[in-house]
Structure formats: structure tokens, C-alpha cells
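Open the model in your viewer and have the selection panel ready. We will go stop by stop, and each stop says what to pick and what is there.

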Amino acid sequence: METPKFAQYAGTLAGLVPGILLLATALLTLADVVGRNLLNAPVPGATELTELALVAITFLLYPRVAWRDTHISVDLLDGIMGRRAKWLQWLLAALIGVAVFGVLAWRLWLLGDRISGYGDVTPYLRLPLGPVYYGMSILSGVTAIMYAMRVVLIFVMPQRLPELTGKTTKGIE
């Protein structure tokens, strides 16, 4: 069974958008440093834009990291674990991911409601912060869904999980 083209394109896009945003952030920082040090004219609001871009990059990457199982992990026991232990490890990690990101989505949405109600904005550029929290909430929800899909795959076809999610380094042999 081959990964559908749509899923391949979505995965590529999920990595491309944060990558472009990271490049734009680096260029903004370069312009700010050059402007500040050589021209005595920093880019107005560069710090705020950088902070918001880092939030966006992080939350845009969470679903991809969840789906591909590319989060940071310690593999001290991987060499001595059998198939069932690896399967249980995958299952527990995915279930914890569903729970953590599900709660995070819920709490960020409530925080977005509160912040929008207060009319909170960034200090210099006066950008509203409510939509940022709603975006973080939605992307956390998408991440929880990615982990839930991994749970299903762990039960239905654990041997194919690395192939279907695009990661071939950690499989159940």
C-alpha cells in the first residue's frame, strides 16, 4: 500500500511552510541587526514579529513531528526491547500525545477567548493576540488527531507504520 499523493503533498507542505517562515525570520533578524548596528535604524517591531514567527514555526511543525514520530526520544533500551515492548512504547507515546495535545488545544482555545475578550495586543505593532492563541489551539488539535491516527495504525498495521508515516528508521521488525 502506497502513501496517497495527497498525504505526500500535505507532508511536504507541512515542512515547507515553517521552513519558509524560518528563512523569513532569519532575514528579518539580519535586516534588524544591520539596520540597528550600521544605520542606527532597527526594523520596527522586529522582536514581536520574531516571537510570533517562532510560535508559528513551532506549532506548524507539531503535526508533522507527531505523524512522522520525529520527536526527541531516548533510545537507551531500544536494543534490548522485543517487538511487543516496542509496540507498547509506540502505543503509550501516541496515547500520551493525544491526551497532551488534546488538553493543550482545549486550554489554548479558552485562553484565546479570554485574551480576545481583553483585547490584548502586542506592545509595539498592536497586533491582536487572540488569533495567535486560536491558531495554536487549532494546530494542537491537528497534532492530537495525528497522534490518534498513529494509534489506529499501531493497532491495524504496526509493521507498515514507518512506511506509511514516512519514517523508516524505527520499525517493529
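Helices here are DSSP runs of H or I with at least four residues, numbered from the N terminus. With that in hand, select Ile154, which is found in helix 4. Keep in mind along the way that this is a predicted model.

**The whole chain**

Now zoom out and colour by secondary structure. You should see five helices and zero strands, in the order α-α-α-α-α along the sequence. The chain has 173 residues, and buried ones make up 28% of them. If you show a surface, its accessible area comes to about 10900 Å², with 71% belonging to carbon and sulfur atoms. How much of the contact set comes from residues 24 or more positions apart? Such pairs account for 72% of the contacts with a separation of 6 or more.

**Stop 1: Ile154 and Trp90**

Go back to Ile154 and add Trp90 to the selection. The two sit 64 residues apart along the chain, yet their C-alpha atoms are separated by 7.4 Å. Is Ile154 buried or exposed? Its relative accessibility is 0%, so Ile154 counts as buried. Leave both residues displayed, since they return at the next stop.

**Stop 2: a cavity**

A search of the whole structure finds two cavities of 30 Å³ or more. We will visit the second largest, which holds about 30 Å³ of space. To outline this cavity, select Asp69, His71, Trp90, Ala93, Ala94, Tyr147, Arg150 and Ile154. Which elements give two or more residues to this lining? They are helix 3 (83-118) and helix 4 (130-156). Colour the lining by residue type and you will find five nonpolar residues, one polar and two charged.

**Stop 3: Asp69 and Arg150**

Stay with the cavity lining and show Asp69 and Arg150 as sticks; both are among the lining residues. They form a salt bridge, and the closest N and O atoms are 3.8 Å apart. Asp69 lies in the loop between helix 2 (46-68) and helix 3, while Arg150 is in helix 4, so this pair ties together parts that are 81 residues apart in sequence. Both partners are buried. Asp69 counts as buried because its relative accessibility is 9%, against a cut-off of under 20%.

Before moving on, check the backbone of Asp69. Most residues other than glycine have a negative phi. Asp69 is not a glycine, but its phi is positive, at about 60°.

**Stop 4: Asn40**

For another positive phi, select Asn40, in the loop between helix 1 and helix 2. Its phi is near 55°, and this residue too is something other than glycine. Switch the surface back on here: is Asn40 buried or exposed? Asn40 is exposed, with a relative accessible area of 69%. Asp69, in the loop between helix 2 and helix 3, is by contrast buried at 9%.

**Stop 5: Arg36 and Asp32**

Next, select Arg36 and Asp32. The search of the whole structure finds two salt bridges, and this pair forms one of them, with the closest N and O atoms 2.9 Å apart. Side chains of opposite charge can pair when their charged atoms come close. Where do the partners sit? Both are in helix 1 (residues 5-38), four residues apart, which is about one turn of the helix. Look at the surface around each partner: Asp32 is buried, with a relative accessible area of 9%, whereas Arg36 counts as partly exposed at 42%.

**Stop 6: two places on helix 3**

Finish by selecting Val103, which lies in helix 3, together with Ser140. These residues are 37 positions apart along the chain, and 8.7 Å separates their C-alpha atoms. Val103 counts as partly exposed, at 45% relative accessibility.

Then select Tyr118, also in helix 3, and add Gly130. Here the distance between C-alpha atoms is 9.1 Å, for residues 12 apart along the chain. Is Tyr118 buried or exposed? With 60% relative accessibility, Tyr118 counts as exposed.

How values were computed:
Residues are numbered from 1 along each chain as its sequence is written. This is a predicted model: local features need pLDDT of at least 70, side-chain atom pairs count only at pLDDT 80 or more; totals for chains, interfaces and linings use all residues. Side-chain values use heavy atoms; hydrogens and water are left out. Buried means under 20% relative accessible area, exposed over 50%, partly exposed in between (1.4 Å probe, protein chains only). Contact means heavy atoms within 4.5 Å. Accessible areas come from the Shrake-Rupley method with a 1.4 Å probe; for residues, only the protein chains shown count as cover. On a 1 Å grid over the protein atoms alone, a cavity is a set of points where a 1.4 Å probe fits but cannot get out, and a pocket is an open set with protein on both sides within 12 Å along at least five of seven lines; lining residues have an atom within 4 Å of a point. Grid points are joined across faces, edges and corners, and a volume is the space filled by probe spheres set on the points. Ala, Val, Leu, Ile, Met, Phe, Trp, Tyr, Cys and Pro count as nonpolar, Asp, Glu, Lys and Arg as charged, and the others, Gly among them, as polar. A salt bridge is a side-chain nitrogen of Lys or Arg within 4 Å of a carboxyl oxygen of Asp or Glu.
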